[in-house]
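This report walks through one protein chain, from its overall make-up to single residues. The sequence and the coordinates it refers to are shown next.

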Amino acid sequence: MWNTAENVFVRTSSFREEGEDEEALRWAALERLPTYSRVRRGIFRNIVGDTKEIDVSELEVQEQKLLIDRLVSSVDDDPEMFFQRVRRRFDAVDLEFPKIEVRFQQLTVESFVHIGTRALPTIPNFMCNMMETLLRTLKIYSSQRSKLTILDNVSGIVRPSRLTLLLGPPSSGKTTLLLALAGRLESDLQKSGRITYNGHGFNEFVPQRTAAYVSQQDRHIAEITVRETLDFAGRCQGVGFKYDMLMELARREKIAGIKPDEDLDIFMKSLALGGQETSLVVEYIMKVHSGCFSH
């Protein structure tokens, strides 16, 4: 690999004779890499203070623990300081986080249901429902069902960078509204009205990949640990838009000549790349929830 930091030292040994700092040379070599390669590599400092250029996915377990320990100890028992460090890195190159504004106008959700004893979950009713569904699909029979309006001409705005609290009595349509905004309504529900994300309707993008809905039902694999659950979720999440943001961040930092914090740089790259690199992120989350930030 001719563009690695090690080869830079071979080609420019005279710089070391003039007192050039090896770490600066490593960063210079890293900056010369293509953006695609640069967002996968970082500068790691071991326990004795020596630095080396590494691939984020190839960090050993002990190196991961050392990196996380340094990140945790650097926030002085205040986890908010860590996120402020991330924010300052983006602010230094005037890169804003993407913001999404969700609007819903005249949203109506209706369903057709049986009432009385016909609505009871009995075996005969189940068999009748299956038969009626088949006949309705074939347009042979139209059963007499009552129309239930769950949401009736609802309009509103969910603004970005805000925490929105949705309150209402039981069976008032809170869950249905959230499912509708996330594009996860069941197929047997009839929806009318318009839902937009930054002015774009559901026919212009895939809402299920943009909005996440966390059910009130705790659905997970009971046989695996919390660490394995987080690691599995990270692998399923994939790269997403975070990778694009990291690419743009690396490009702007290179133009501005900004050298980021080496530990934070490796951690953010692990967070953005996903896949096998999720173990570092999981380790940090486990540190947080194990009481490292308790006062």
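## Basis and overall make-up

Two strands are said to pair if DSSP finds at least two bridges between them, and residues described below as standing opposite one another are to be read in that setting. The model is a predicted one, and the values in this report are computed from it.

The secondary structure of the protein chain comes to 12 helices and 6 strands. Of its 295 residues, 31% count as buried, and the chain exposes about 19,100 Å², of which carbon and sulfur atoms supply 54%. Among contacts in the protein chain with a separation of 6 or more, 69% are accounted for by residues 24 or more positions apart.

## The four-stranded sheet

An open sheet of 4 strands is arranged in the order 4-3-5-6, and its pairing is antiparallel. Strand 4 (146-158) and strand 6 (200-201) are the edge strands, each of which pairs on one side only.

Strand 3 (residues 102-113) and strand 5 (residues 190-197) run antiparallel and are joined by 7 bridges. Within this pairing, Arg-103 stands opposite Thr-196 of strand 5, while Val-109 has Lys-191 of strand 5 opposite it. Helix 8 (residues 174-181) lies across strand 3, strand 4 and strand 5, and the direction of helix 8 is at about 120° to strand 3.

## The hairpin of strands 5 and 6 and its aromatic residues

Strand 5 and strand 6 also run antiparallel, joined by 2 bridges, and they form a hairpin with 2 residues between them, where Asn-198 in the turn has a positive phi of about 55°. The bridge partner of Tyr-197 in strand 6 is His-200.

Tyr-197 also belongs to an aromatic cluster that it forms with Phe-202 and Phe-205. The structure holds 3 aromatic pairs; in one of them, the rings of Tyr-197 and Phe-202 have their centres 6.0 Å apart and their planes at 50°, so this pair is classed as tilted. The two residues are covered to differing degrees: Tyr-197 is buried, because its relative accessible area is 9% and the cut-off for burial is under 20%, whereas Phe-202, at 22% relative accessibility, counts as partly exposed.

## The hairpin of strands 1 and 2

Strand 1 (residues 41-45) and strand 2 (residues 51-55) pair in the antiparallel sense over 5 bridges. Arg-45 has Thr-51 as its bridge partner in strand 2. The hairpin made by strand 1 and strand 2 has 5 residues between the strands, and in this hairpin Gly-49 takes a positive phi near 100°.

## Helices 7 and 11

Helix 7 (residues 123-137) has 15 residues, which at 1.5 Å a residue should span 21 Å, and the end C-alpha atoms of helix 7 are indeed 21 Å apart, so the two values agree. Just after helix 7, Lys-139 takes a positive phi of about 60°.

Helix 11 (residues 262-273) reaches 17 Å from its first C-alpha to its last, close to the 16 Å expected for its 12 residues at 1.5 Å a residue. This helix is mostly covered, with 11 of its 12 residues buried. The buried residues of helix 11 include charged-group names as well as others: among them are Glu-262, Asp-263, Asp-265 and Lys-269, together with Leu-264, Ile-266, Phe-267 and Met-268.

## Links between distant parts of the chain

Which residue has its C-alpha 9.6 Å from that of Lys-254, although 226 residues apart from it in sequence? That residue is Ala-28, whose place is in helix 3 (residues 22-32) and which counts as partly exposed at 26% relative accessibility.

A second separation of this kind concerns Ile-255, which lies in helix 10 (residues 241-256). The C-alpha atoms of Ile-255 and Glu-31 are separated by 9.7 Å, while the two residues are 224 residues apart along the chain. Ile-255 counts as exposed, because its relative accessibility is 63% and the cut-off for that class is over 50%.

Note on methods: Residues are numbered from 1 along each chain as its sequence is written. This is a predicted model: local features need pLDDT of at least 70, side-chain atom pairs count only at pLDDT 80 or more; totals for chains, interfaces and linings use all residues. Side-chain values use heavy atoms; hydrogens and water are left out. Rings of Phe, Tyr and Trp (its six-membered ring) pair if their centres lie within 6.5 Å; planes under 30 degrees apart count as stacked, over 60 as edge-to-face and the rest as tilted. Buried means under 20% relative accessible area, exposed over 50%, partly exposed in between (1.4 Å probe, protein chains only). Contact means heavy atoms within 4.5 Å. Axes are lines fitted to C-alpha atoms, for helices over the stretch in contact, and angles run from 0 to 180 degrees between N-to-C directions. Accessible areas come from the Shrake-Rupley method with a 1.4 Å probe; for residues, only the protein chains shown count as cover. The expected span of a helix is 1.5 Å times one less than its number of residues.
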